[in-house]
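Reader: Hey, I've got a structure open and I'm a bit lost. Can we go through it together?
Author: Sure, let's have a look.

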Amino acid sequence: MGSTGTVLRELRGAQKSAKGVSLYSRYVNRPAGRVLAAGAYRAGLSPNQVTLISALFTYGAVASVALVEPSWTLAVLVYAALAVGFAFDSADGQLARLTGRGGPDGEWLDHVVDCGKLLLVHTAVLISFYRFGELPSDAWLLLPLGFQLAAVVTFCAGLLREHLGKAAASAQGPSWAATPAAPVSRVRAVALLPADYGVFCLVFLLLGAPGAFRAGYAVLAVVHTLFLAAFLAKWFRELKALRAD
């Protein structure tokens, strides 16, 4: 087993493409995940165990949002746990690529944890609004449901776009697969920041000020809904273009 420095260098050489990745994930979450992956490797953990550690941090934070009255202390703890959970979510894939121990079971488990996370985090906000929020109107209770819909549809549609695209590429043969990929765009990486889960986690730092939290959460809900519309149109066009003649 190599030194931590050696493991980190190997992990840096086994990164996924930065295409379609926001600046936060590229420069904050992936490097943090790389450090955690190196630690997990040194500790002899498997990628699936790292995924479960990610779930422990994330789901613990989500449960706290639903069960504990909002405060500044809770805000810091929830954000820290969500951010660490997201970093471990990056670490499991990096560890899998480093060790060659990835497989369909690990990918399945990772997606199940991610889907549960998106469902539960907005459910927790809804519960918090109902239990602790002095809402201007009961209509605010619909906001987490709409945000949840946008988040889950984006996640599921993105997965389908990826898998259907791979299937179409395989069916069309090596000539299509050899098409050079578009270069990584810094402008796109900046534009994707509002849709990044790591940026979304930042809103929980406002839990100590319920009015500010509601406002920030509402803004992000609108932004994610607009991104969903743009993504759906883009992915539909891309899949239509892959249709076999």
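Author: We'll talk through cysteines, salt bridges, a pocket and a helix, and keep in mind that this is a predicted model.

Reader: Okay, cysteines to start. How many disulfides does a search of the whole structure find?
Author: Zero, even with the whole structure searched.

Reader: Why is there no bond from Cys156 to its closest cysteine sulfur?
Author: The closest one belongs to Cys115, and at 5.0 Å the two sulfurs are too far apart for a bond. The cut-off for a disulfide is 2.5 Å.

Reader: Is Cys156 buried or exposed? And what about Cys201?
Author: Cys156 falls in between: partly exposed, at 32% relative accessible area. Cys201 is buried, at 1%.

Reader: New topic: salt bridges. How many does the structure hold?
Author: Five. One of them joins the side chains of Lys117 and Asp89, with 3.7 Å from N to O.

Reader: Where do Lys117 and Asp89 lie?
Author: Lys117 is in helix 5 (residues 104–132) and Asp89 is in helix 4 (residues 72–99), so their pairing ties together parts of the chain 28 residues apart in sequence.

Reader: Are those two buried or exposed?
Author: Both Lys117 and Asp89 are buried.

Reader: Which residues are in a network with them?
Author: Asp114 joins in: salt bridges link Asp89, Asp114 and Lys117 in a network.

Reader: Why do charged side chains pair up anyway?
Author: Side chains with opposite charges can pair when their charged atoms get close.

Reader: Cool. What does Glu238 meet in a salt bridge?
Author: Arg161, at 2.7 Å from N to O. Glu238 sits in helix 10 (residues 210–241) and Arg161 in helix 6 (residues 142–172), so this pair ties together parts that are 77 residues apart in sequence. Glu238 is partly exposed, with a relative accessible area of 25%.

Reader: And how far apart in helix 6 are Lys166 and Glu162?
Author: Four residues, which puts about one helical turn between them. Their side chains form a salt bridge too, at 3.3 Å from N to O. Glu162 is partly exposed, at 36% relative accessible area.

Reader: Why would a spacing of three or four places matter in a helix?
Author: An α-helix has 3.6 residues a turn, so residues three or four places apart point the same way.

Reader: Switching again! What volume does the second largest pocket have?
Author: About 170 Å³. The lining of that pocket has 13 residues, and Pro70, Ser128, Phe132, Gly133 and Pro210 are the ones nearest its centre.

Reader: Which helices supply at least two residues of that lining?
Author: Helix 5 and helix 10 each do. Sorted by class, the lining has eight nonpolar, two polar and three charged residues.

Reader: Where is Gly133 found?
Author: In the loop between helix 5 and helix 6. Gly133 is partly exposed, with 27% relative accessible area. The C-alpha atoms of Gly133 and Pro210 are separated by 7.0 Å, though the two are 77 residues apart along the chain.

Reader: Last one: how many residues has helix 10?
Author: Helix 10 has 32 residues, and its first and last C-alpha atoms are 46 Å apart, close to the 46 Å expected at 1.5 Å a residue.

Reader: Which residues in helix 10 are buried?
Author: Quite a list, including Phe213, Arg214, Tyr217, His224, Phe231 and Trp235.

Terms used. Residues numbered from 1 in each chain as written. Predicted model: local features only at pLDDT ≥ 70, side-chain atom pairs only at ≥ 80, totals over all residues. Heavy atoms only, no water. Buried < 20%, exposed > 50% of the residue type's maximum accessible area, 1.4 Å probe, protein only. Salt bridge = Lys/Arg side-chain N within 4 Å of Asp/Glu carboxyl O. 1 Å grid on protein atoms, 1.4 Å probe; cavity = no way out; pocket = protein on both sides within 12 Å on 5 of 7 lines; lining within 4 Å. Points joined across faces, edges and corners; volume = space filled by probe spheres on them. Nonpolar A, V, L, I, M, F, W, Y, C, P; charged D, E, K, R; others polar. Expected span 1.5 Å × (residues − 1).
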